[in-house]
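Subject: Structure for you to look at

Hi,

Here is the structure I promised to pass on. Have a look first, then read on for what turned up.

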Amino acid sequence: MATMMLGGLAAACSGKDEPGPDGKTPEAGTKKPVTFSWLVYDRTEGKVRTDWEIFKEIEAKTGVKVDFQVVSQEGLTEKRQIMIATNSVTDFIQVTTQEGRENGPEKVFLNLKDYLNIAPNLKKFYDTYPEAKALATGADGGLYTVPVLEGDAAGKGFNFIWYARKDLMTKNNLKEPTTLEEFYQFLKALKEKYPDTYPLVSNSPIGDTGLYTVFGRAFTGIQGFFNLNPANDQYAFAPYHSGFKDAIVYMNRLYAEKLLDPEYSLLTQAQWEERILKGKSLVTYFWKADLEPLTEKAKKAGAPADYEFDAIPQFAASGIKNYQYSRSLVGASGRAISAKVKDKERAVQFLDYLVGEEGSNYLSLGIVNKTYTIENGKPLYMKEFGASPYVPLRRDYGVWYDNITLDNAKSRDAWERGLNEKSKAINAKYEKYIIPAPKAIVKTEAELELEKSKLSNLNKFLEQKMTEFVTGKTPINDTTYNQFIEQAKKLGADELLAMYNTAYKRTYGTK
């Protein structure tokens, strides 16, 4: 161990690789060994290991040994923030792109822009993904992170679907609903057939799968309270849309007729799952990747042998675009290098390798013929890994592991290519609804302060008041709704809306 540490230290202090007799830098496999520290956390699928084969392969190719500094998932954010505040980050670390932009110019993170002449893969990455470059760029023009890729460039990968009990639909000859009225009648029919159930359940009022988010979008065309309106490429505040009141009235109708779980606003994730597994609720909106695992879990818990969830179509009000945003192309986090790393050029070259095709394949796919194969020129995870390949991949190989991988899109693509026919059919059913996600916006310090001072309180008010409307605590009429809108304005809705549009136009210009 002492020998390894001294060898790594010597390489780190050398500044750069010595050129060979022909004046060229040695190939990766002949470089002097060096060790870089890297902050990670243990995932539920499996703990971080020192003997993952992909890192043995990477070390053989680059001469770089990774020293993982492991913390718990719960303690990761605090640990990272302390490291940033004290300028003591590990050599490699995943941070939010905002943390990179804010702290990079303060010499916490290395300015990658200064090293692009020795990092062709990084240069190509920033040229290929302007959004990633915008998110990585600090106020001084430096590049401080390599944002993680989350979605495919075509903007077709997506996460969420409507679930419904296919076995009960078949048994009772119920057709798939395709409109909001048909969905209401669908829930009503299920309630009549199974009076002890609350047919619709939501795992949250807000968030991507939240009741208010899903129905708000169906009636207004706006995803969440604030978001880009795909109809005009401008940010909008959903409650200002005339359809938002209709959404509240609709949800109140479901609640009043006991078609919606009366505790929808209070349920924990575990309680939501219990209702699904025990057949107390029959319809929900959730991550598509969980459909089959939940079905299998229910059967193991004693559900009928024919118990089955399947996807039903997505719907929207008349005149409203029926869409779902794809996964974001570029994520909100990125890999950074400490400004204090001893061998800066070597660290950049290592990051450049991981961004390149070979390094990226190790982190996202693993080792060919061990974790994936190539079929028709495309990677496909080994069939023996089953419907949830990410579990053995992460546990046994360190592949597709959060805070380590740089390209989740590549992993998801390999996974979805190996899906069974049912899952492929679900993807095909939803394909027509999916449109590219909005690009992330870069906010100034003043804009961040405005958001920090206004958004949380506004969101709390909106959620609370909507719950009062839906549950009937506050009657829904012109007077109460206008009061709702006026209070939202007092809490900063107009200021936030103007800020989002200003920041968006500044970051990307206008069409």
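Let's start with helix packing. H18 and helix H19 (residues 478-490) have axes that come within 10 Å and cross at roughly 170°. An angle over 145 degrees counts as roughly antiparallel, so that is how H18 runs relative to H19. Keep in mind that this is a predicted model.

On the H18 side, the contact is made by Leu458, Phe461, Leu462, Lys465, Met466 and Phe469. H19 brings Thr480, Tyr481, Phe484, Gln487 and Ala488. Sorted by class, the contact of H18 with H19 has 8 nonpolar, 2 polar and 1 charged residues.

H18 also packs against helix H10 (residues 243-256), this time at an angle of about 50° and with the axes 7 Å apart. That angle makes H10 oblique to H18. From H10, the residues in contact are Phe244, Ile248, Met251, Asn252 and Tyr255; from H18 they are Met466, Phe469, Val470 and Thr471. If you're following along on screen, Met466 and Phe469 of H18 take part in the contact with H19 and also in the one with H10. By class, the contact of H10 with H18 has 7 nonpolar and 2 polar residues, with no charged ones.

Now for the empty space. The largest pocket has a volume of about 1400 Å³. Its lining runs to 45 residues, and Asp208, Phe226, Asn227, Ser328 and Pro438 are the ones nearest its centre. Which elements give two or more residues to that lining? They are the helices H4 (97-103), H6 (130-136), H9 and H18 (445-471), plus the strands S6 (226-229), S10 (324-325) and S11 (330-337). So H18 turns up here too. The class count for the pocket lining is 20 nonpolar, 15 polar and 10 charged residues.

There is also 1 cavity of 30 Å³ or more, with a volume of about 50 Å³. Two elements give two or more residues to its lining: helix H9 (211-220) and strand S8 (283-287). H9 gives the most, with 3 residues. The residues lining the cavity are Trp162, Leu200, Val201, Ser202, Thr209, Gly210, Leu211, Val214, Phe215, Thr284 and Tyr285. That comes to 7 nonpolar and 4 polar residues, and no charged ones.

A few local spots to zoom in on:

- Helix H15 (residues 390-397): Tyr390, Pro392, Leu393, Arg394 and Tyr397 are buried. The buried residues of H15 pack against helix H2 (53-62), strand S13 (378-381) and helix H16 (408-417). Just after H15, Gly398 takes a positive phi of about 75°.
- Ile118: this residue is in the loop between H4 and helix H5 (120-128). Is Ile118 buried or partly exposed? Its relative accessible area is 25%, which makes Ile118 partly exposed. Leaving aside residues up to four places away in sequence, Ile118 touches Glu345 and Gln349.
- Ile118 and Ile434: these two are 316 residues apart in sequence and 39 Å apart in space, C-alpha to C-alpha.

That's the lot from me. Shout if you'd like to go through any of it together.

Cheers

Methods:
Residues are numbered from 1 along each chain as its sequence is written. This is a predicted model: local features need pLDDT of at least 70, side-chain atom pairs count only at pLDDT 80 or more; totals for chains, interfaces and linings use all residues. Side-chain values use heavy atoms; hydrogens and water are left out. On a 1 Å grid over the protein atoms alone, a cavity is a set of points where a 1.4 Å probe fits but cannot get out, and a pocket is an open set with protein on both sides within 12 Å along at least five of seven lines; lining residues have an atom within 4 Å of a point. Grid points are joined across faces, edges and corners, and a volume is the space filled by probe spheres set on the points. Helices (H or I, at least four residues) and strands (E, at least two) are DSSP runs, numbered from the N terminus. Ala, Val, Leu, Ile, Met, Phe, Trp, Tyr, Cys and Pro count as nonpolar, Asp, Glu, Lys and Arg as charged, and the others, Gly among them, as polar. Axes are lines fitted to C-alpha atoms, for helices over the stretch in contact, and angles run from 0 to 180 degrees between N-to-C directions. Angles under 35 degrees count as roughly parallel, over 145 as roughly antiparallel, 65 to 115 as roughly perpendicular and the rest as oblique. Contact means heavy atoms within 4.5 Å. Buried means under 20% relative accessible area, exposed over 50%, partly exposed in between (1.4 Å probe, protein chains only).
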